[in-house]
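Below is a walk through one model, starting with the chain as a whole and ending with a few single residues. Keep the sequence and the coordinates open while reading.

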Amino acid sequence: MNSQANTFVRNRKVALFGARAVGKTSLCASFIVPSAPFAESYSPTIENKFNKSLRLAKVEYIIDLIDTGGQDETSLIGPGIGIHGYLIVAAANSESSVWLVDGLCIKIIETTGLSVPIVIVFNKCDLKES
Ligand SMILES: Nc1nc2c(ncn2[C@@H]2O[C@H](COP(=O)(O)OP(=O)(O)OP(=O)(O)O)[C@@H](O)[C@H]2O)c(=O)[nH]1
Ligand SMILES: [Mg+2]
């Protein structure tokens, strides 16, 4: 507890998984700066980290986002240690990215035993499925 400000501080680590180019890095960027213009350029990620603090009631959450490079069926990686929650991202214009969600969920559950929240994000809803 930070006695000066009378707030609790909690660290939360959230990892983003999903197929390549579904918009994981773009989602991280809009979380950090919601008003920033949408970046049209695409540069594949190897691994990125973003952080931001959010205050909810008397708790200040220091959120670390772990932005992974996109996976496919042959490169599903296991979840890291100390992750508090997962975002699995799929995109509306990529059927294969939706099929990958199942495999990623299974991989995470096999490792964490259902104890960690998983949120599935369906991104690029402005695009039709191709
Ligand atoms: N139309 C549209 N394009 C998007 C959206 N989100 C991201 N993009 C675009 O999709 C491309 C890929 O976005 P990234 O955020 O780099 O995707 P990523 O999942 O991080 O890709 P990897 O790091 O290679 O796995 C970029 O050209 C973005 O501008 C969206 O909601 N709608
Ligand atoms: Mg990326």
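**From the chain to its residues**

Of the 130 residues in the chain, 21% are buried. The model is predicted, and its pLDDT averages 87 over the chain, with 88% of the residues scoring at least 70. Among the elements, helix α2 (residues 95-112) has the lowest mean pLDDT, 90, and strand β5 (residues 118-123) has the highest, 96.

The secondary structure consists of two helices and five strands. Read from the N terminus, the order of the elements is β-α-β-β-β-α-β. Contacts can also be sorted by separation along the sequence. Of the contacts in the chain with a separation of 6 or more, 69% are between residues 24 or more positions apart.

The strand pairing can be followed from β3. Strands β1 and β3 run parallel and are joined by nine bridges. One position to look at is K13, which stands opposite D64 in β3. Strands β2 and β3 run antiparallel, and 10 bridges join them. Here L54 has Y61 in β3 as its bridge partner, and L56 has V59 in β3. The hairpin formed by β2 and β3 has two residues between the strands, and A57 in this hairpin takes a positive phi near 50°. How many of the 10 residues of β2 are buried? The count is zero, and the strand is hardly covered.

Helix α1 spans residues 24-32, and its residues K24, T25 and C28 are buried. Why do these three lie on the same side of α1? They are on the same side because the arc they cover around the axis is only 95°. The spacing of such positions follows from helix geometry: an α-helix has 3.6 residues a turn, so residues three or four places apart point the same way. The buried residues of α1 pack against four strands, namely β1 (8-18), β2 (47-56), β3 (59-68) and β4 (85-91).

C28, which belongs to helix α1, can be examined on its own. C28 counts as buried because it has 20 C-beta neighbours inside 10 Å, and the cut-off for a buried residue is 20 or more. Apart from neighbours within four places in sequence, C28 is in contact with L16, N48, F50, L65 and D67. For one of these, F50, the separation along the chain is 22 residues, while the C-alpha atoms of C28 and F50 are 7.1 Å apart.

Helix α1 also matters for the description of ligand 1, since it gives the most to the shell around that ligand, with three residues. In total, 18 residues surround ligand 1, and the closest are G23, T25, S26, T45 and G70. T25 is thus among the closest residues to ligand 1 and is also one of the buried residues of α1. What is the make-up of the shell by class? The shell around ligand 1 has six nonpolar, seven polar and five charged residues.

Two further residues have backbone angles worth checking. A21, in the loop between β1 and α1, has a positive phi of about 65° although it is not a glycine. Is A21 buried or partly exposed? A21 is partly exposed, because 17 other C-beta atoms lie within 10 Å of its own. K124 is found in the segment after β5, and it also is not a glycine but has a positive phi, here of about 55°. With 18 other C-beta atoms within 10 Å, K124 is partly exposed.

The last residue is I120, in strand β5. I120 is partly exposed, with 14 other C-beta atoms within 10 Å. Leaving aside neighbours within four places in sequence, the contacts of I120 are I88 and V101. I120 can also be related to L87: the two are 33 residues apart in sequence, and their C-alpha atoms are 5.7 Å apart in space.

Notes: Residues are numbered from 1 along each chain as its sequence is written. Chains are lettered from A and ligands numbered from 1 in the order in which they are written. This is a predicted model: local features need pLDDT of at least 70, side-chain atom pairs count only at pLDDT 80 or more; totals for chains, interfaces and linings use all residues. A residue is buried if 20 or more other C-beta atoms lie within 10 Å of its own, exposed if 12 or fewer, and partly exposed in between; C-beta atoms are placed from the backbone. The arc is that of the directions from the helix axis to the C-beta atoms. Two residues are in contact if their C-beta atoms, placed from the backbone, lie within 7 Å. A residue is near a molecule or strand if its C-beta atom, placed from the backbone, lies within 6 Å of it. Ala, Val, Leu, Ile, Met, Phe, Trp, Tyr, Cys and Pro count as nonpolar, Asp, Glu, Lys and Arg as charged, and the others, Gly among them, as polar. pLDDT is the predictor's confidence in each residue, from 0 to 100. Two strands pair if DSSP finds at least two bridges between them.
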